[in-house]
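I opened my notebook for a look at cavities, buried charges and salt bridges. Here is what I wrote down, in the order I looked it up.

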Amino acid sequence: MGEAVRPLVLRTYIPNLHLGSEVLKNHGEGRKTPRYSPATGLLSPVYDEPVLGLPAAIAVNSGPSFSYVWDTTECRLLYVWRGGFLDMEPYWGTPEEGLRKKNDYVPRLVGELFYKANGEHPLRVAGRALESVQYAGFRRTPTNGIVFDFVANGERVEAEILPGAEPLSFEVRYRSSAQLDYEIAPELGKIVSYEEGIMKVSFTANTRQMFEGYTPEKVEIVAANAEDGERLYQNMGCFACHSRDGSKAHGPSFLGLADSERVFADHSKSLADTAYLKQSIQDPNAKVVEGFAQGLMPAYSLKDKEVESLVLFIQSLK
């Protein structure tokens, strides 16, 4: 996390929090994409849904009391929260796994959201609604504030977001040589002052939502089965090292693994039967296949039905 005297600035994906098309009017719409097989070099008939997040966002944290997200496509503040910052597990994974979550990338908010953008861009430049916007970058001020530069309606504009004096409040300072105005409901804020090309707008809370970071999908297994094994394979990130199409990665592919002969680093051999597969999941460094590095896979703490389901999934990949 950052500090009030030196905010942390992180350019990343962010959750869109159902902001709506009026807020995100200049964003493109993600489309399904076919999977690519490294083994065959061909595209698969299986399609993946787009990642449910917004790229090109800048998240700023000034300590536990103030965080916000600035969107560089719309050049506007998207949301403000307190009590934490971002849980990066979907993007980075955990220290134990050391890999991202499949088809995710999107960090999760931690804390209490108290402001969220809605409707069209409320800023007016040179007497007009924003017809075109182009992000130009950000910079730190001598007092370690963060200023965002953009061009709107052909005019240069700067925006600086600051925590307010009261809880659940903040202020945005816009600077431009052009005429500025801001449309805001009286119950949500007001233009505090406008002088020497600087317009100060104060805001109060327009929403109250709690976020607790990333919560992995839970797989409750009543009886061991291959379908739940596949869900575990996805949720635990096994795919990062063990492909299902025969392509080589950090670990052996699961395709055709079951009941095949395994040759280990000490030149001993074994069949990949049920007992071997269970051992490899629970104690992955007991028998390391020749040509693969020792110690890459951590030992996961799994329930018996989870191990059995993973084994059934591997055995289904013929």
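The entries below go from the cavity search to the charged side chains.

**Entry 1: the cavity.** I note at the start that this is a predicted model. I searched the whole structure and found one cavity of 30 Å³ or more. I put its space at about 70 Å³. Which residues line the largest cavity? I listed Trp70, Arg76, Leu77, Tyr115, His121, Pro122, Ile161, Val172, Tyr174, Tyr182 and Phe203. Sorted by class, that lining comes to nine nonpolar residues, one polar and one charged. I also checked the strands: S6 (76-82) and S14 (169-175) each give at least two residues to the lining.

**Entry 2: a buried acid without a partner.** I turned to aspartate 71, which sits in strand S5 (residues 67-71). Aspartate 71 is buried but makes no salt bridge. I looked for the nearest side chain of opposite charge and got arginine 76, at 7.6 Å. That distance is beyond the 4 Å cut-off for a salt bridge. I already had Arg76 on my list for the cavity lining. What does the side chain of aspartate 71 reach? I found the backbone nitrogen of glutamate 74, at 2.7 Å.

**Entry 3: salt bridges.** I counted 12 salt bridges in the structure. I started with arginine 139 and glutamate 158, whose side chains meet at 2.9 Å, N to O. This pair links distant parts of the chain, with arginine 139 in strand S11 (residues 133-140) and glutamate 158 in strand S13 (residues 155-163), 19 residues apart. Arginine 139 is partly exposed, at 35% relative accessible area.

Next I took glutamate 160 and arginine 175, with closest N and O atoms 3.2 Å apart. Glutamate 160 lies in strand S13 and arginine 175 in strand S14, so this salt bridge ties together parts 15 residues apart in sequence. Buried or exposed, where does glutamate 160 fall? I wrote down buried, because its relative accessible area is 6%. Arginine 175 counts as partly exposed, at 24%.

I then checked glutamate 171 and arginine 173, which form a salt bridge at 2.6 Å between the closest N and O atoms. Glutamate 171 counts as buried at 17% relative accessibility, while arginine 173 is partly exposed at 26%. I closed the entry with a network of salt bridges that links Arg82, Glu112 and Arg208.

**Entry 4: one more glutamate.** I looked up glutamate 306, in helix H4 (residues 304-316). Glutamate 306 is buried, with a relative accessible area of 15%.

Conventions
Residues are numbered from 1 along each chain as its sequence is written. This is a predicted model: local features need pLDDT of at least 70, side-chain atom pairs count only at pLDDT 80 or more; totals for chains, interfaces and linings use all residues. Side-chain values use heavy atoms; hydrogens and water are left out. On a 1 Å grid over the protein atoms alone, a cavity is a set of points where a 1.4 Å probe fits but cannot get out, and a pocket is an open set with protein on both sides within 12 Å along at least five of seven lines; lining residues have an atom within 4 Å of a point. Grid points are joined across faces, edges and corners, and a volume is the space filled by probe spheres set on the points. Helices (H or I, at least four residues) and strands (E, at least two) are DSSP runs, numbered from the N terminus. Ala, Val, Leu, Ile, Met, Phe, Trp, Tyr, Cys and Pro count as nonpolar, Asp, Glu, Lys and Arg as charged, and the others, Gly among them, as polar. Buried means under 20% relative accessible area, exposed over 50%, partly exposed in between (1.4 Å probe, protein chains only). Lys and Arg count as positive and Asp and Glu as negative; His and the chain ends are not counted. A polar contact is a pair of N or O atoms within 3.5 Å; within protein, one must be able to donate a hydrogen and the other to accept it, and residues adjacent in sequence count only if both atoms are side-chain atoms.
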